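Me: I have just opened this one and would like a walk through it. Could we take it step by step?

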Amino acid sequence: MNEVELEPLRTRLSALSRPYTPADVAASMRAEGLLVTDGSVRQAVELLRRHSVGAGRLDALLREPGVTDVLVNGPGQVYVDRGGGLEPVDIAFADEAEVRRLAQRLAASVGRRLDDAAPFVDARLPDGSRVHAVLGTLARPGTCVCIRVPAKLTFSLADCVAAGSLSRDGAALLSRIVAGRLAFLVSGGTGSGKTTLLAALLALVPETDRIVIVEDSRELSPRHPHVVSLEGRPPNAELTGAVTLTDLVRQSLRMRPDRLVVGEVRGAEICDLLTAMNTGHEGGCGTVHANSAADVPARLEALAALGGLPRDALHAQLAAALHVVVHVAREGGGRRRVAEVAVVERDERTGLTRTEPAVSFTADGRTVRGSGAARLDRLLSP
């Protein structure tokens, strides 16, 4: 049975105004002149279920172990990331209309609108998956759907070492950074494993500490007994009711956090985070998109401008609040690894901050001390 045959069945069954049964499906198939057997009815019921709930043709991919992302570019292109980079899969939709219906169904499942008046949506599904969709009225080769699958397992630092993402020396150093209550950011590109590493580091926080996590879309789930997670909210169809990360960071400061975590620093909330780190909230941390540790100050400068924080004020706060940047790289073949730990230093002449390489971890497992190693040693000294 194909999509063309399925549509009249869907129309007849929707007219029942009640949940349909396999007998209803069989009756509708007879009315449409289709062959009715036990096998054909079972197939029709499964296809109807697949195309009315869940992710339709993508369900099997989303259930595959190790899948992190599923991307749809119009009806004829579907890609999946199993941890080794994007690869095409042999799945295709019948037409653009089917992809559009899937995108609209996913949006509607969380009460979001997706139509020509609101042609894109970014939302978190009930199972924790994050979906972003843009209708074909704006995108070519058609409606685009991107689904980020939450990790089904939470990795520990030991797991990262076993997977080759981190050396034993690196794990020991990162453990000391957490124990020393240094403020740090994990930097890296999209899909480099920033959130996975941050969750592993938060699991090292003493059980007596209260962790408050602020995220735009909930992804962090560290193995820790005392975690409070706050999640932002986009505006509704009337463009009201939005809750921004800036709002949540300010609220989190009233929740007695021992460790304040911003899952991903991407806007004006950097101003409030730095303020919090400068007012006694030690051990704050988060992730930020950057191509290298050296690029982080410039990246934060651009984000602070969104919050109206002047350049000199940002660098003054940054020098006082942030101690370390941990950079994660994604290499060819999809391998992710911790590449560098850098310290934040301020140039007394210009007043601007920069990151100095303290320790680098080479692809062949060597540990190399850099110009910032002495400062890192001082920060970690009792």
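**A helix across the sheet**

Reply: A good place to begin in this predicted model is helix H7 (residues 168-179), which lies across S7, strand S10 (259-262), strand S12 (324-330), strand S13 (336-346), strand S14 (353-361) and S15, and which runs at about 140° to S14.

Me: OK, and what order do the strands of that sheet come in?

Reply: The order is S9-S8-S10-S11-S7-S12-S13-S14-S15, which makes an open sheet of 9 strands with mixed pairing. Strand S9 (227-231) and strand S15 (367-369) stand at the edges with a single partner strand each, so one side of each has no neighbour in the sheet. Direction ignored, neighbouring strands of this sheet are turned by 25° against each other on average.

Me: Which way do S7 and S11 run, parallel or antiparallel?

Reply: Strand S7 (residues 184-188) and strand S11 (residues 285-289) run parallel and are joined by 5 bridges. To find the pairing on screen, look for Ser 187, which stands opposite Val 288 in S11.

Me: And what does S10 pair with?

Reply: On one hand, strand S8 (residues 211-215) is joined to S10 by 4 bridges, and these two run parallel; here Ile 211 stands opposite Arg 259 in S10. On the other hand, S10 pairs with S11 over 2 bridges, again in the parallel sense, and Val 261 stands opposite Cys 285 in S11.

Me: Which way do the side chains of S10 point?

Reply: Arg 259 and Val 261 point one way, while Leu 260 and Val 262 point the other way, and all of them are buried. That fits the general pattern, in which side chains of a regular strand alternate between the two faces of the sheet.

Me: Back to helices. Where does H12 sit?

Reply: Helix H12 (residues 311-321) lies across S13 and S14, and its direction is at about 110° to S13. H12 also meets helix H11 (residues 296-306): their axes come within 10 Å and cross at roughly 125°. H11 is oblique to H12 because of that angle, and the crossing of the two is right-handed.

Me: Which residues touch there?

Reply: From H11 there are Pro 297, Leu 300, Glu 301 and Ala 304, and they meet Arg 311, Leu 314, His 315 and Leu 318 in H12. By character, the residues of this contact of H11 with H12 divide into 5 nonpolar, 1 polar and 2 charged.

Me: How do H9 and H10 pack?

Reply: Their axes are 8 Å apart and the angle between H9 and helix H10 (residues 269-277) is about 15°, so H9 and H10 are roughly parallel to each other. H9 passes H10 in a left-handed crossing. Leu 245, Thr 246, Val 249 and Arg 250 of H9 make the contact with Glu 269, Asp 272 and Leu 273 of H10, and the residues of this contact divide into 3 nonpolar, 1 polar and 3 charged.

Me: Changing topic, what is unusual in the loops?

Reply: As background, most residues other than glycine have a negative phi, and most peptide bonds are trans. Arg 181 is not a glycine, yet it has a positive phi of about 60°; it is placed in the loop between H7 and S7. Arg 256, also a residue other than glycine, has a positive phi near 55° and lies in the loop between helix H9 (245-252) and S10. As for the peptide bonds, the one from Arg 140 to Pro 141 is cis, with omega near 15°, and Pro 141 lies in the loop between strand S5 (130-134) and strand S6 (144-148).

Me: Is Arg 256 buried or exposed?

Reply: Arg 256 is exposed, with a relative accessible area of 56%, whereas Arg 181 is partly exposed at 25%.

Me: What about H2, which residues are buried there?

Reply: In helix H2 (residues 22-31), the buried residues include Asp 24, Val 25, Ala 26, Ser 28 and Met 29. Just after H2 comes Gly 33, with a positive phi of about 75°.

Me: Last thing, how many helices and strands does the whole protein have?

Reply: The protein has 13 helices and 15 strands, and its C-alpha trace spans about 80 × 45 × 40 Å along the principal axes. Of its 382 residues, 45% count as buried.

Notes: Residues numbered from 1 in each chain as written. Predicted model: local features only at pLDDT ≥ 70, side-chain atom pairs only at ≥ 80, totals over all residues. Heavy atoms only, no water. Pairing = 2+ DSSP bridges. Axes fitted to C-alpha atoms, helices over the stretch in contact; angles between N-to-C directions. Contact = heavy atoms within 4.5 Å. Parallel < 35°, antiparallel > 145°, perpendicular 65-115°, else oblique. Left-handed = near helix turned anticlockwise from the far one by under 90°. Nonpolar A, V, L, I, M, F, W, Y, C, P; charged D, E, K, R; others polar. Buried < 20%, exposed > 50% of the residue type's maximum accessible area, 1.4 Å probe, protein only.
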